[in-house]
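Biologist: I would like a close look at a single part of this protein. Please take one helix and go through its packing partners and the core around it, with the cut-offs behind each term.

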Amino acid sequence: PWSLFGILILGTGVLMGGAWAYEALSFGGFWAWDPVENASLVPWLVLVGATHVMIIFNKNGTSLHSSYILCTLSFILVLYSTFLTRSGILGDTSVHAFTDLGMKGQLLIYMVFFFALAVFLSIKNRKLLSTRTEEDPVSSREFWMFMGMLILVISAIQISITTSIPVINKLFNLKMAPPADAIDFYNSWQIPLAAVIALLMSVGLYFKWKQTDLKSMAKKLLLSFIASLVITF
């Protein structure tokens, strides 16, 4: 329930930011892939993935480690997003990041502390996190929910790495340039991933927990598949 509440609040914030960007016409629409926009989206993607693996754990007792890792990561990413937007490091790549307010050191310490604390507690309580380890069959709903989580995480990783180019340059003394056309660059990665997510969302509902009769499922999907082909053409 707390994760769902977090998704609701953070998702509402992302939508309000998109609506505001649309009203401020200089931003080029609802979503221009500005680094500050990306910083709000990435924790939301990871938290959505975390909630799906929590549901898997509640159903069959697997994926507990993934749940803890993704929940922790979503919080760390909120802190990292705060660092990106408030440290001034995005000053040359974002049209609405803050300038350096002298908080860079404090933000880094804050982020590193919680990351170290999460690692320490995970190691300390590793025996409490032991769960069933057998593989889920490909014909089960939990398998495809887990695949959906992986797609969300891949999406978050691609956005994070590109958004973090100024940080990477600073850390390793490099001179990598952010993509010249950010919208086209991110869309070329994210639209295919979004298409896969949409497919998993529509078909995944027809899978049953633990095991699915694929023949009966195919019969249920056939009518929808034919209709979607006709509409697409």
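Modeller: What follows is centred on helix H2 and its surroundings.

This is a predicted model, in which local features need pLDDT of at least 70 and side-chain atom pairs count only at pLDDT 80 or more, while totals for chains, interfaces and linings use all residues. Residues are numbered from 1 along each chain as its sequence is written, and side-chain values use heavy atoms, with hydrogens and water left out.

Helix H2 covers residues 35–60, where helices are DSSP runs of H or I with at least four residues, numbered from the N terminus. Two packed helices are described by the angle between their axes and the distance between the axes. Here an axis is a line fitted to C-alpha atoms, for helices over the stretch in contact, and the angle runs from 0 to 180 degrees between N-to-C directions.

Just before H2, in the loop between helix H1 (2–23) and H2, lies Trp 33, a residue with a positive phi of about 60° although it is not a glycine. With a relative accessibility of 11%, Trp 33 counts as buried (buried means under 20% relative accessible area, exposed over 50%, and partly exposed in between, with a 1.4 Å probe and protein chains only).

H1 and H2 pack at an angle of about 150°, and their axes are 9 Å apart; the two helices are therefore roughly antiparallel, a term for angles over 145 degrees, whereas under 35 is roughly parallel, 65 to 115 roughly perpendicular and the rest oblique. Their crossing is left-handed, which means that the near helix is turned anticlockwise from the far one by less than a right angle. On the H1 side the residues that meet H2 include Leu 4, Ile 7, Leu 10 and Val 14, and among their counterparts in H2 are Trp 44, Leu 47, Val 48 and Met 54, contact being heavy atoms within 4.5 Å. By class, this contact of H1 with H2 has ten nonpolar, five polar and one charged residues (Ala, Val, Leu, Ile, Met, Phe, Trp, Tyr, Cys and Pro count as nonpolar, Asp, Glu, Lys and Arg as charged, and the others, Gly among them, as polar).

H2 also packs with helix H5 (residues 141–163), at an angle of about 160° and with the axes 9 Å apart, and H2 and H5 are therefore roughly antiparallel to each other. H2 passes H5 in a left-handed crossing, and the residues of their contact divide into 15 nonpolar, seven polar and one charged.

The largest nonpolar core has 23 residues, and Leu 45, Leu 70 and Ile 159 have the most contacts inside it; such a core is a set of buried Ala, Val, Leu, Ile, Met, Phe, Trp, Tyr and Cys residues joined through side-chain atoms within 4.5 Å. Two or more residues of this core come from each of H2, helix H3 (64–86), H5 and helix H7 (182–204), and H2 gives the most, with nine. Leaving aside neighbours within four places in sequence, Leu 45 is in contact with Leu 152, Ser 155, Ala 156 and Ile 159.

Finally, Cys 71 is found in helix H3 and is partly exposed, with a relative accessible area of 25%. Not counting residues up to four places away in sequence, Cys 71 touches Ser 3, Ala 50 and Met 54.
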